[in-house]
Every structure is written in C-alpha cells, then in structure tokens.
Amino acid sequence: MRFEISKVLDAIEGRVCTDPSLARAVLDLAEVVRYTDFDGGRPASMLRLGIVIDALSRQLEEDSVPVYPVVHRALLSDADLTSNERMVVRRWADDGLVEVLPNPVERMLELADLLGLPVLSRMRFDGMLGRYPWLSSQPGRLLAPVNSPNGPTLVAQAGGKAVWTSPGPSPTGAKLLSRLWRCPEPGCVLFGDGGGGGGGSFADLARSDREPGGQPPPTLRGGAPSCPRHDRRLTDAGPRPDAEVLSVRVGGQVRRRFVVSADRPVMVGRAPEESGGVVLGQWLSEEARRWISRNHVRFELRGGDLVAFDVSTNGSGVRPGGSMDEDDRIALKQQANRVLRGGDIVELYPGVQIGRSSNWTSGGVINPTSVMAEAPTMAMRVIERP
Ligand SMILES: [Zn+2]
C-alpha cells in the first residue's frame, strides 16, 4: 500500500510546478488536501491533489496539465498528513515546485492575477473583490473542485460556464516576467543563482538543470518585486530569455506542453537521449514509431524566431498556418531548417504535430491520463481503514 501511494505521489509530482509558462491553474495545497468528501478518508491526504489535477485535466481535455501550488508553511509539519506525505511536500518546497508561504491565499490570488490563471478553490474571497475585480467579473476563473455524479469536477463558484481561457499574463505580470530576479537570501530556490523555480514539471526535465526562464513571478510588496518566500526585495538580474510554449499533438490530442527558450533548445523525437528532450514514443502507433527518429526535430529560439531543425532519417513536414490541406504541406528535409510563423505546425509523421500551444484552444483529449492510475484499490482501503 505504501508503495502504491509513493507511485501516485511521484505521478502527482510530475504535475506541480512554479513555471509561469507551464502552470495552468493555481491552488492552495493546504485547502485541497482537506477535501474529505472526495474519498471519505483521513482529515488530510495528498491524494486529493491528484483528484483535483485530474479534474483540471478533464476540464481542459489535455494530458500532462500542471498546477501551481501555494503551501502554507504549517502544512510541512501538519500531523494530519503521513510522515511520507510531509516529506514529499518538503521535497517539493526544496526543489521549488511549490511556494511555501506565511500567507498563501493572498499569494494565490496575486499569482492568478499576474499570470492570468484560474484559481481552484472552494473559498470565498469577498474581501478581495476590490483588489481583484475579476473574481466577480470573470466567473469562469474561480473554480471550485466538487463531487458530481460523474466524479470530481470543477464548477464556477458563481455559477455559469466553468471555463477560463487565459489571454496570458496581465500587463504587470508581463513586466515582472520580462526580467530575471535574484533573492539576497542564500540558497533561495525560487530566485537563486541556479535560476528559476520551474521546469521540474515533467520527470524528464531534470531539476538539476532547471532553466532560469522558469522563474516564478515575484510578489509585489509596496510596488517592489520581492521574494514571496523570504519576504526580501529582489534585485534585477537582467532580461529573462525569450521563451515559446509548444504543444505535442498526436492524433488530434494535446499530450503535453514544453518550453523552448533562447538559452535552451529542445529535441523532440521517439526517444531523445539528451536531458530535457521530449519523448514521443509512448503516444505513437507502430508505423509512427518506425518512421520517427530517436532524435527527430530540434526547436530553437534565435533572435526571437522559433526555428525547427530536422535531424531525422526520414524528414518532416511543415503545415503553414496549421493548414491541413495536403497541397500546402511543405517538406522539411533531413538537416533542413525553417522559421515557424504564428500558426505553423511541424509534422513529424501524419498526425504527429508540434506547434505553439496557443494554436489549440482545446486539448481534444477525452480521457486524459490520470495521475491516480495506481490509486483505485488504495482509495478504497483509505476509506476502510482511515
Ligand atoms: Zn528568496
């Protein structure tokens, strides 16, 4: 049983991050772990985070959807969690996958505001409406994770459509995210020398080589960019490298997103060996696996241009503006490269596509991969033996 829980927590770990380019919603971990109505189990359980992540994934119809958790620092020693769960939260905190704070609720709303993300919460924020008018004017943006006859789901707190399509960061958020920041606190994991607090959102993006571009947005204290964890003023460490968020779409379904930044090209293929490479193998048919090379296309940002370099054996194609008309398809031959304009899509094999995430409003995935895959039998046992 302990083994199964560890596997579930590992799966969940792949879906938490503080990378502003990848996170799709913010939530308060200390709140979510106490949704006892999800499973009737212990007063607090980390597995409920997985239930909420799955609900968001289903809502967005997309696989590998990460959330940005803020964590009250008391949760690190909360006796309602198991010692294993507390250890996991501490590790996430040490790795910068979550923000540990004295006042997470305020920060959660600030993050949602700066990054243009929805908030997953059952809390009421009536006292915050003056500061964050969107809490009432954009009802689809405050989503409560609740039980429904079809299982856990997200509903708009104010009623209405529970959908929020983010236009991206707010003007203030964009300004903060255009720079890199440094915290004077030695070893600060969010704003330290090693760069940002993100990039750990997928197991194959090793945390050790996290890129600075994944840094979270600073908090504003009296208008000054500050470290949310250490409450100290940050210094400006120069411009943040350009970044583009791309999606892998296989058979019309968005399987994952990844970030290409000016300081970090990304290799995509059947099974790239380099760290940070995007592995497609698990989503491919037999034919596609035979066609697509281990290393197939490298994506780079050069002087603001997104460039695709074919490094494969069989070559690729580009669909200009996302056109699905075969007459429009341009061959991207072996060793050739091409600058990708807004809606252009690189096709490694028919139906295996990479493009800017903004091209696809819906992920098109009817049954997203659950982080709880190892959990079904265990959830039952939790109820029987709390
Ligand atoms: Zn700090």
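The following exchange concerns a predicted model and covers its zinc site, a sheet and its nonpolar cores.

Biologist: On what basis were residues and side-chain atoms counted here?

Modeller: Residues are numbered from 1 along each chain as its sequence is written, and side-chain values use heavy atoms, with hydrogens and water left out. Because the model is predicted, local features need pLDDT of at least 70, totals for chains, interfaces and linings use all residues, and side-chain atom pairs count only at pLDDT 80 or more.

Biologist: Which arrangement do the donor atoms form around the zinc ion?

Modeller: Donors are N, O and S atoms within 2.8 Å of the metal (3.2 Å for Na, K and Ca), and since water is not among the atoms, sites may look incomplete. Here Cys 183 (SG), Cys 188 (SG), Cys 227 (SG) and His 230 (ND1) coordinate the zinc ion at 2.1 to 2.4 Å. Four donors count as tetrahedral if all angles lie between 85 and 135 degrees; the 4 donor atoms subtend 103 to 116°, so the arrangement is tetrahedral.

Biologist: How many residues apart in sequence are the parts that Cys 188 and His 230 tie together?

Modeller: Strands are DSSP runs (E, at least two residues), numbered from the N terminus. Cys 188 lies in the loop between β7 (179–182) and β8 (219–221), whereas His 230 lies in the loop between β9 (224–226) and β10 (235–239), so the parts tied together are 42 residues apart.

Biologist: Is Cys 188 buried or exposed?

Modeller: Buried means under 20% relative accessible area, exposed over 50%, and partly exposed in between (1.4 Å probe, protein chains only). His 230, at 26%, counts as partly exposed. Cys 188 has a relative accessible area of 4%, and therefore counts as buried.

Biologist: Which are the edge strands of the open sheet of 6 strands?

Modeller: Two strands pair if DSSP finds at least two bridges between them. The order is β12-β11-β21-β20-β17-β18, with antiparallel pairing; within this sheet, β20 (residues 345–349) and β21 (residues 352–356) pair over 4 bridges. Pairing on one side only marks the edge strands, β12 (253–261) and β18 (330–332).

Biologist: Which helix gives the most to the largest nonpolar core?

Modeller: A nonpolar core is a set of buried Ala, Val, Leu, Ile, Met, Phe, Trp, Tyr and Cys residues joined through side-chain atoms within 4.5 Å. Among the 42 residues of the largest one, Ile 12, Leu 29 and Val 71 are included in those touching the most other members. Helices are DSSP runs (H or I, at least four residues), and the one that gives the most to this core, with 7 residues, is α3.

Key:
Four donors count as tetrahedral if all angles lie between 85 and 135 degrees; four count as square planar and six as octahedral if opposite donors are over 155 degrees apart and all others between 65 and 115; anything else is irregular.
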